Amino acid sequence: MRMNATILMAVYCLLPVLGSCDRKPSISRDKVQEAWDEYNNPALLDSGAVFKFSDLPLSGTSLKIPWSDIYWPSHLGGIALRWTSGLQAPFSATSPTEEQVNAMSVDELNALSPAEKYDIFMGRFDYPTVQAELIRTHPSMPTWYGLCHGWAAASVNYSEPGRV
């Protein structure tokens, strides 16, 4: 039985939430108290769920292959990060003027951040997307903060973007 990757991900993410809806969660490490009951049984979401590890398939395929990406770390500026040039954080960088952009080579344009490229595409040389990212991010943020929740969902729902 095949299951859409998105539905499967949602099932596993929602199980802890659904299991805590009607009762106070147990803080005990007792396996009996952690066992499935009528409130958190995965069969409530999928009657065809497989419960025994030995019954799981040894191989399979996905209808859509997710694509990998950087998690756009917030301590490095999120999508304002110039990632192709050695993870140059944007906090002290200056984005190019319209005249500078017009004089740039393809390689120089490729070195700009996704936020800069979007703003240039929109003809916004005041760089509002970059500025919004610089407000949202900061070098002192925990290193695990980022936008992985955005690109991970995109990668299972959309084909990998190419160059524009």
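How much area does the protein chain expose, and what share of it do carbon and sulfur atoms supply? I looked this up before anything else. The protein chain exposes about 12,000 Å², and carbon and sulfur atoms supply 61% of that area. I note here that the model is predicted.

**Entry: overall make-up**

I listed the secondary structure next. The protein chain has 7 helices and 0 strands. Read from the N terminus, the elements run α-α-α-α-α-α-α. I then checked burial and found that buried residues make up 21% of the 164 residues in the protein chain. For contacts in the protein chain between residues at least 6 apart in sequence, I noted that 60% join residues at least 24 apart.

**Entry: helices H5 and H6**

I turned to a helix pair. Two packed helices are described by the angle between their axes and the distance between the axes. H5 covers residues 114–121 and H6 covers residues 128–136. Their packing angle is about 150°, and the axes are 7 Å apart. An angle over 145 degrees counts as roughly antiparallel, so H5 is roughly antiparallel to H6.

Which residues make the contact? From H5 I wrote down Ala115, Glu116, Tyr118 and Asp119. From H6 I wrote down Pro128, Thr129 and Val130. Sorted by type, the residues of this contact are 4 nonpolar, 1 polar and 2 charged.

**Entry: Arg82**

I looked up Arg82, which is placed in the loop between helix H2 (31–34) and helix H3 (98–103). Is Arg82 buried or exposed? Its relative accessible area is 13%, and under 20% counts as buried, so Arg82 is buried.

I then listed the contacts of Arg82, leaving aside its neighbours within four places in sequence. Arg82 touches Leu87, Gln88, Ala93, Thr94, Ser95 and Pro96. Arg82 is also in contact with Ala111, Leu112, Ser113 and Glu116. I had already met Glu116 as one of the H5 residues in the contact with H6.

**Entry: aromatic pairs**

I searched the whole structure for aromatic pairs and got 3. One of them is Trp72 with Trp83, an edge-to-face pair at 6.3 Å centre to centre with 90° between the planes. Both Trp72 and Trp83 are in the loop between H2 and H3, 11 residues apart. How accessible is Trp72? Trp72 has 9% relative accessibility and counts as buried. Its partner Trp83 is partly exposed, with a relative accessible area of 42%.

Another pair I recorded is Phe125 with Tyr127. The arrangement is edge-to-face, at 6.2 Å centre to centre and with 90° between the planes. Phe125 is partly exposed at a relative accessible area of 26%, whereas Tyr127 counts as buried at 4% relative accessibility.

**Entry: backbone at Trp72 and Tyr127**

I checked phi for the buried member of each pair above. What is phi of Trp72? The value is positive, about 50°, although Trp72 is not a glycine. Trp72 is in the loop between H2 and H3. Tyr127 also has a positive phi, near 55°, and is a residue other than glycine. I located Tyr127 in the loop between H5 and H6, the two helices whose packing I noted earlier.

Terms used:
Residues numbered from 1 in each chain as written. Predicted model: local features only at pLDDT ≥ 70, side-chain atom pairs only at ≥ 80, totals over all residues. Heavy atoms only, no water. Axes fitted to C-alpha atoms, helices over the stretch in contact; angles between N-to-C directions. Helix = DSSP H or I, 4+ residues; strand = E, 2+ residues; numbered from the N terminus. Parallel < 35°, antiparallel > 145°, perpendicular 65-115°, else oblique. Contact = heavy atoms within 4.5 Å. Nonpolar A, V, L, I, M, F, W, Y, C, P; charged D, E, K, R; others polar. Buried < 20%, exposed > 50% of the residue type's maximum accessible area, 1.4 Å probe, protein only. Areas by Shrake-Rupley, 256 points an atom, 1.4 Å probe, with all protein chains shown as cover. Phe/Tyr/Trp six-rings, centres within 6.5 Å; stacked < 30°, edge-to-face > 60°.
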